[in-house]
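Good morning, everyone, and thank you for letting me take a few minutes of the meeting. Please have a look at the sequence and the structure before I start talking you through them.

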Amino acid sequence: MRDATGEQLEVPQEGSPRERRVLRPRQHGSFRAVLGNYPFLRLWIAQAVSQTANSMVDFSLLLRVGQTVDHHNIAQANTAVSFVILAFSLPAVVFGPIAGAVADRVSRRNVMVITNAARAALVLPFLLVQPVWPVQFSLLSYYSVAFLFGAVGQFFMPAQGASIPALVPRDQLTAANALFNLTFTATQLLGFAILGPLLSQALGVEMLFVVTMIAFAISALLTLWLPAMPVPHLVVRIERTSAVRRVWTDIREGLVYIKQDPILTKAIAYLTFATTIFMLIAALAPNFVATVVGLPPGDIGYLVAPAGVGVIIGVVIVPRLSSRFRRDALIDWAVVVGGISLLLLSLSRAILSRLLGEVPLTLEVAVAGALAAILGICNALVLVPAQTILQERSHEHIRARVYATFFTITSVVSFIPIFFAAAAADVFGVVRVMAAVAILLISVGAFSLVQARRAYQQRYERVRTRHRQGPEAVPPVG
């Protein structure tokens, strides 16, 4: 074959390696291609650094509150720890919808820069408050600063999630989102279960807070170097209404958008349920490690680290499982298996004692870690498919508001269960409360599986009946 100039062109033979490379370009949509996109690479590194620092702040604050509880001999340890988690999550109720509306109307790059810089500044008060101060004043100070820290952090996630499509071509979105999900889980494990415990023992809690300040500053610089991302054209218009009214209108539009899409609504419900259970278990974990496993409360890394590894394993295997099974069935089975694992974890000491009598500490830690890893896998099998549905069903011009609405709903729904579960653990014991939560998980997952099976059977019977009757079963008109 010759081109227009008469030059001979080489035509690849059928089945040759060159033809296969042309027909199946492996670079498009791969992790290598995504990471070769330098603006996205900076955003990805900024997310990794920022999320690792955020997890280290969570760990450091739990240690600070634990030191305060031990110093003043407070009996309600679970309740005191639960208030830390609520202080971080409660701002989403107030600021979550506002953050989504802001991220859809102003420069998302500027939002991320200001958020990281503000979080770096807010770490300083954690250094100033001391556990030896009067207990009411020190705990109230920790909770207040944690609330402000969480309020500022609400503006980062919607802006970051909505920025990915602006930096990544459409054929690389799947790989980019998968990379962000994997990094989010890995940095939580890295900051909370690895760097947090190691640096706190090697440098002390005060220096750990200093390290997080530096990390947030680095993340602010990385986001500052991102290219300018223009505001979506649908919101660039002249309006004569007040800023408060515009924000309220944007929030209402996001809620209406979610309400009109049943699939998106169900995905948010899955995400909310899984996140609430995860936060509830995190609130009970220090007391469980101390009273059941037999380790100091500061050694919760022995439980958190296997759970984090399990989440990473789940993120890796979920694409293959999603290609074989329906997403809703995969999520329901993960909820059931996770409930069974949590039930076995809560009863692990009693079961091993009945089987072996005297239980070695290493065996109890190994069994608890294995069950925690299974819980992590199940958590990933719920979160990743539901997050994929959320991203697929959200339009570009409203995606930040959808993310913010999800964070708000999660915080509202999780507020009461976390608080009352921690208080109930102080009254009835952490084992009974965790067993009750496990039974709830099993019941919800089993009920959803039965409902899905019944709906599928009804559809099958309806199609089979119409096929058996044929067209002659329909009476003629007139």
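Before I name any helix, I should say that helices here are DSSP runs of H or I with at least four residues, and that they are numbered from the N terminus. With that in hand, I can tell you that Leu344 sits in helix α14, and I would add at once that what we are looking at is a predicted model.

Let me stay with Leu344 for a moment. Is this residue buried or exposed? The careful reply is that Leu344 is partly exposed, because its relative accessible area is 39%, and partly exposed is the class between under 20%, which is buried, and over 50%, which is exposed. Leu344 also belongs to a nonpolar surface patch of about 580 Å², which it makes together with Ile340, Leu347, Ile351, Leu355, Leu356 and Leu363. Two elements, α14 (327–346) and α15 (348–356), each give two or more residues to that patch, and the largest share, 3 residues, comes from α15.

Now let me move to helix α13, which covers residues 301–324 and so has 24 residues. From its first C-alpha to its last, α13 reaches 34 Å, and this is close to the 34 Å expected at 1.5 Å a residue. Even so, α13 has a kink of about 45° at Val318, shortly before the proline Pro319. Val318 is also one of the buried residues of α13, and among the others are Gly301, Leu303, Pro306 and Gly308.

My last topic is charge. Side chains of opposite charge can pair when their charged atoms come close. How many salt bridges does the structure hold? There are 2 salt bridges, and I will take them in turn.

In one of them, Glu206 pairs with Arg64, and their closest N and O atoms are 3.0 Å apart. This pair links distant parts of the chain, since Glu206 lies in helix α10 (residues 205–224) and Arg64 in helix α3 (residues 38–72), 142 residues apart. Glu206 is partly exposed, with a relative accessible area of 35%, whereas Arg64 counts as buried because its relative accessibility is 2%.

In the other, the side chains of Asp328 and Arg326 meet at 3.2 Å, N to O. Asp328 is partly exposed, with a relative accessible area of 25%, and Arg326 is also partly exposed, with a value of 47%.

Thank you for listening.

Methods
Residues are numbered from 1 along each chain as its sequence is written. This is a predicted model: local features need pLDDT of at least 70, side-chain atom pairs count only at pLDDT 80 or more; totals for chains, interfaces and linings use all residues. Side-chain values use heavy atoms; hydrogens and water are left out. The expected span of a helix is 1.5 Å times one less than its number of residues. The bend at a residue is the angle between axes fitted to the seven residues ending there and the seven starting there. Buried means under 20% relative accessible area, exposed over 50%, partly exposed in between (1.4 Å probe, protein chains only). Patches are made of residues with over 30% relative accessible area and no salt bridge: like charges are joined within 9 Å, nonpolar side chains (Val, Leu, Ile, Met, Phe, Trp, Tyr) within 5 Å. Accessible areas come from the Shrake-Rupley method with a 1.4 Å probe; for residues, only the protein chains shown count as cover. A salt bridge is a side-chain nitrogen of Lys or Arg within 4 Å of a carboxyl oxygen of Asp or Glu.
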